[in-house]
Amino acid sequence: MKVTAVLLFALFAVATAEYKLRTQDDLMKARKECMEAKKVTPEMIEKYKKFEFPDDEITRCYIQCIFEKFELFDAKDGFKNDNLVAQLGQGKENKDEVKADVEKCADKNEQKSDSCSWAFRGFKCFITKNMPLVMDSLKKN
């Protein structure tokens, strides 16, 4: 009985864990890790810093890597909408508009794309529709 109670408590704690908002410092760390993991060139990183993202395999997988490090996407289950709303909606009193925009972009991969393409498609939608939110969400705290 005690084991069951401990397991239920642990599951509840994990399920209710709050998302940790990421900062520009977190982005710098994730960029470095993903740049190395996905073999992204320094020239490509310079483009990314200007929000220029070509639709190629390295860029798509780099974006997936960043999203995974930020806990915004999972290759199996897709977008983590609650985390996206928290990250993009920080500082907003009413997050309903942010949630609606996230839901428009965070598809369920009906196309059956590979996970890199899936993450990239959502990312492109987010920056197209919500560039100010994306930029604001990465400012230093």
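Which helix does Asn 83 lie in? The legends below take that residue up first, then move on to other spots in this predicted model.

**View 1. Asn 83, a residue tucked into helix α5.**
The answer to the opening question is helix α5. Is Asn 83 buried or exposed? Its relative accessible area is 16%, and since buried means under 20%, Asn 83 counts as buried. So who are its partners? Leave aside the neighbours within four places in sequence, and Asn 83 is in contact with Tyr 19, Glu 71 and Leu 72.

**View 2. Helix α5 meets helix α6.**
Stay with α5, which covers residues 81-88, and look at how it sits against α6, residues 96-105. Two packed helices are described by the angle between their axes and the distance between the axes. Here the axes come within 9 Å and cross at roughly 130 degrees. That makes α5 oblique to α6, and the crossing is right-handed. Which residues make the contact? From α5 come Asn 81, Leu 84, Val 85 and Leu 88, while α6 brings Val 98, Lys 99, Val 102 and Glu 103. Sort them by class and you get five nonpolar residues, one polar and two charged.

**View 3. Helix α3 packs on helix α4.**
Here's another helix pair to try the same reading on. Helix α3 spans residues 42-49, and α4 spans residues 57-69. They pack at an angle of about 65 degrees, and their axes are 12 Å apart. As for handedness, α3 passes α4 in a right-handed crossing. On the α3 side you'll find Met 44, Ile 45 and Tyr 48, and these meet Ile 58, Thr 59 and Tyr 62 of α4. How many charged residues does this contact have? There are no charged residues in it: the classes are five nonpolar and one polar.

**View 4. A disulfide between helices α2 and α4.**
Now for the sulfur atoms. A disulfide is a covalent bond between the sulfur atoms of two cysteines. A search of the whole structure turns up three disulfides, and one of them joins Cys 34 to Cys 65, with an S to S distance of 2.0 Å. This pair links distant parts of the chain: Cys 34 is in helix α2 (residues 24-38), Cys 65 is in helix α4, and they are 31 residues apart. The link has -85 degrees about the S-S bond and is left-handed. If you go looking for these two cysteines, note that both Cys 34 and Cys 65 are buried.

**View 5. A disulfide between helices α4 and α7.**
Helix α4 turns up again here, this time through Cys 61. Which cysteine is Cys 61 joined to? Its partner is Cys 116, with 2.1 Å from S to S. Cys 116 lies in helix α7 (residues 115-137), so the pair ties together parts that are 55 residues apart in sequence. The link of Cys 61 and Cys 116 is right-handed, with 105 degrees about the S-S bond. Both of these cysteines are buried.

**View 6. A disulfide between helices α6 and α7.**
Cys 105 and Cys 125 form a disulfide too, with their sulfur atoms 2.0 Å apart. Cys 105 lies in α6 and Cys 125 in α7, so this bond ties together parts that are 20 residues apart in sequence. Why is the disulfide left-handed? Because the torsion about the S-S bond is about -65 degrees. Cys 105 is buried, with a relative accessible area of 3%, and Cys 125, at 17%, counts as buried as well. Number the bonded cysteines along the chain, and the disulfides follow the pattern 1-3, 2-5, 4-6.

**View 7. Lys 39 and Lys 112, two loop residues with a positive phi.**
To finish, leave the helices for the loops. Where does Lys 39 lie? Look in the loop between α2 and α3. Lys 39 has a positive phi of about 55 degrees, although it is not a glycine. Lys 112 is found in the loop between α6 and α7, and its phi is near 60 degrees, again positive in a residue other than glycine. Are these lysines buried or exposed? Exposed means over 50%, so Lys 39 counts as exposed at 64% relative accessibility, and Lys 112 counts as exposed at 71%.

Conventions: Residues numbered from 1 in each chain as written. Predicted model: local features only at pLDDT ≥ 70, side-chain atom pairs only at ≥ 80, totals over all residues. Heavy atoms only, no water. Disulfide = S-S within 2.5 Å. Helix = DSSP H or I, 4+ residues; strand = E, 2+ residues; numbered from the N terminus. Buried < 20%, exposed > 50% of the residue type's maximum accessible area, 1.4 Å probe, protein only. Axes fitted to C-alpha atoms, helices over the stretch in contact; angles between N-to-C directions. Parallel < 35°, antiparallel > 145°, perpendicular 65-115°, else oblique. Left-handed = near helix turned anticlockwise from the far one by under 90°. Contact = heavy atoms within 4.5 Å. Nonpolar A, V, L, I, M, F, W, Y, C, P; charged D, E, K, R; others polar.
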